[in-house]
Amino acid sequence: MILIMKPRVTLDQIDALKSDMTARGLIVQEIQGETTFMLGLAGDTSALSVDMFVGLPFVERVVKVSEPYKLAGRRFHPQDSVYEICGRVVGGGKLTVMAGPCSVESEDQVVSIAREVGRAGAGFLRGGAFKPRTSPYSFQGLGLGGLELLKRAREKTGLPIVTEIMSQEHAEVFGKEVDIIQVGARNMQNFPLLREVGRLGRPVLLKRGPSCTIDEMLMAADYILVEGNSPVILCERGIRTFETATRNTLDLSAVPVIKKRSHLPVVVDPSHGTGYRHLVEPMALAAIAAGADGLMVEVHNRPDKALCDGPQSITPEAFDCLMYKASALHKLLREVAGNHGNHGSA
Ligand code: PEP
Ligand code: MN
């Protein structure tokens, strides 16, 4: 529910209304529109009626929000969310690139890849310490030891780290040590984990579940947002379809759809999205053209020997080439948009 205030509403009136709503267990979000000030109410609003508010002398209008997600939605937050994470701007027209190995395998491996992706222009080092593997017999990651190696790579290169949390038991250590906490596709609807991660107040990268709709992803984001004010970045990483030529079907239309429905930044993962290294660069460029705020790319110095996801990992040399093209394309698109406004967009 959104309450649109009359222009002469006072701060005391707003505060009193906010405390009343908070006391009812609701989340109240201030929304500054272009010309109006509004309060968004999220939570169980079934006990509220429009009549309760229209009688108030300082409320102009009440709008019921039909979308099932609230805090992630544009109605509650009309402007794009832009974050500063470890000195890097995410969203707001910047291109954020997170790159590194699927899994951390050794200090040499992760430090050398971190150096190379950093040199090529990546803003964050990604690497899995806890790996969600389909088979229980596959390499499961180095666990907390892997996190230590990521920290060492961060120390040596200055690159902040992105890594996946798989269990609530690691919330405390992730909350202290990890710069962006990744919630993987398989856990997108692990609601207790989402809540726990939301309580940490750290930036979260939320990957789309392989069989989840965009609205389900936005509701999952609400689970995190409702706990506090963790910056949430969404990640399109491909969905499961009948197509077998690629590992997943990278749903690039999700980018403009999300941009319309949500204020959260969106990055695209063309590695898991396709499963094959020759498809990573074209889909990365397509993602930028579709309006993505960034990319997540798997890079390995010896992809043929990688313990996880070698076929979709690109070499540091290929990553350097991708970065060159990605930056050039991003710059060009911004220039074109600057010159011509939003011609032709719906
Ligand atoms: C990953 O990023 O390494 C990963 C396991 O991705 P996803 O959760 O998208 O499968
Ligand atoms: Mn992987």
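Let's start with Cys212. Its relative accessibility is 10%, so Cys212 counts as buried. Keep in mind that this is a predicted model. Cys212 sits in a loop, the one running between β11 (204–207) and α7 (214–225). Now look across to Arg240. That residue is 28 positions from Cys212 in sequence, and the two C-alpha atoms are 9.1 Å apart in space.

Next, the metal. Which protein atoms are the donors of the manganese ion, ligand 2? There are Cys102 through SG, His272 through NE2, Glu298 through OE and Asp309 through OD. Their distances from the manganese ion run from 2.1 to 2.4 Å. Written along the sequence, the spacing of these donor residues is C-x169-H-x25-E-x10-D. Take His272 and Asp309 as a pair. They link distant parts of the chain, 37 residues apart. His272 belongs to helix α9 (residues 270–274). Asp309 belongs to the loop between β14 (294–298) and α11 (316–340).

Are His272 and Asp309 buried or exposed? Both are buried. For Asp309 the relative accessibility is 15%, and the cut-off for buried is under 20%, so Asp309 qualifies. Cys102, the sulfur donor, is buried as well, because its relative accessible area is 1%.

Stay with Asp309 for its backbone. In that loop between β14 and α11, Asp309 has a phi near 60 degrees. That is a positive value in a residue other than glycine.

Back to helix α9, for Thr274. Thr274 is in this helix. Its relative accessible area is 3%, so Thr274 is buried. What lies 2.8 Å from a polar atom of the Thr274 side chain? The backbone oxygen of Pro270 does.

On to ligand 1. Which residues are around it? Going up in number, we have Arg126, Lys131, Pro132, Glu164, Gln182 and Gly184, then Ala185, Arg186, Lys207, Arg237, His272 and Glu298. You have met two of those names already. His272 and Glu298 are around ligand 1, and they are also donors of the manganese ion. How does the shell divide by residue type? Two residues are nonpolar, three are polar and seven are charged.

Now some individual contacts of ligand 1. An oxygen atom of ligand 1 is 2.8 Å from a polar backbone atom of Ala185. At Arg186 the partner is an N or O atom of the side chain, and a ligand 1 oxygen lies 3.0 Å from it. At Lys207 it is again a side-chain N or O atom, 2.8 Å from an oxygen of ligand 1. How much of ligand 1 does the protein bury? Taken alone, ligand 1 exposes 290 Å², and the protein buries 97% of that.

Cysteines next. How many disulfides does a search of the whole structure find? Zero. Consider Cys86, which is in no disulfide. The nearest cysteine sulfur is that of Cys235, and it is 18 Å away. A disulfide would need the two sulfur atoms within 2.5 Å, so this pair does not make one. Cys86 is found in the loop between β5 (83–85) and β6 (88–90). Its relative accessibility is 39%, so Cys86 counts as partly exposed. Check its backbone too. Cys86 is not a glycine, yet its phi is positive, at about 50 degrees.

Two more places to look at, then I'm done. The first is His263. His263 is in the loop between α8 (254–261) and β13 (266–268). Is His263 buried or exposed? At 5% relative accessibility, His263 counts as buried. His263 and His77 are 186 residues apart along the chain, and their C-alpha atoms are separated by 6.4 Å.

The second is Glu172. Glu172 is in helix α5 (residues 171–177). With 59% relative accessibility, Glu172 counts as exposed. Leu225 is 53 residues from Glu172 along the chain, and 18 Å separates their C-alpha atoms.

To recap the main points. The manganese ion has four named donor residues to remember: Cys102, His272, Glu298 and Asp309. The protein buries 97% of the 290 Å² that ligand 1 exposes when taken alone. And the whole-structure search finds zero disulfides.

Notes:
Residues numbered from 1 in each chain as written. Chains lettered and ligands numbered in written order. Predicted model: local features only at pLDDT ≥ 70, side-chain atom pairs only at ≥ 80, totals over all residues. Heavy atoms only, no water. Donors = N, O, S within 2.8 Å, 3.2 Å for Na, K, Ca; no water. Helix = DSSP H or I, 4+ residues; strand = E, 2+ residues; numbered from the N terminus. Buried < 20%, exposed > 50% of the residue type's maximum accessible area, 1.4 Å probe, protein only. Near = heavy atom within 4 Å. Polar contact = N/O pair within 3.5 Å; in protein donor to acceptor, adjacent residues only side chain to side chain. Areas by Shrake-Rupley, 256 points an atom, 1.4 Å probe, with all protein chains shown as cover. Nonpolar A, V, L, I, M, F, W, Y, C, P; charged D, E, K, R; others polar.
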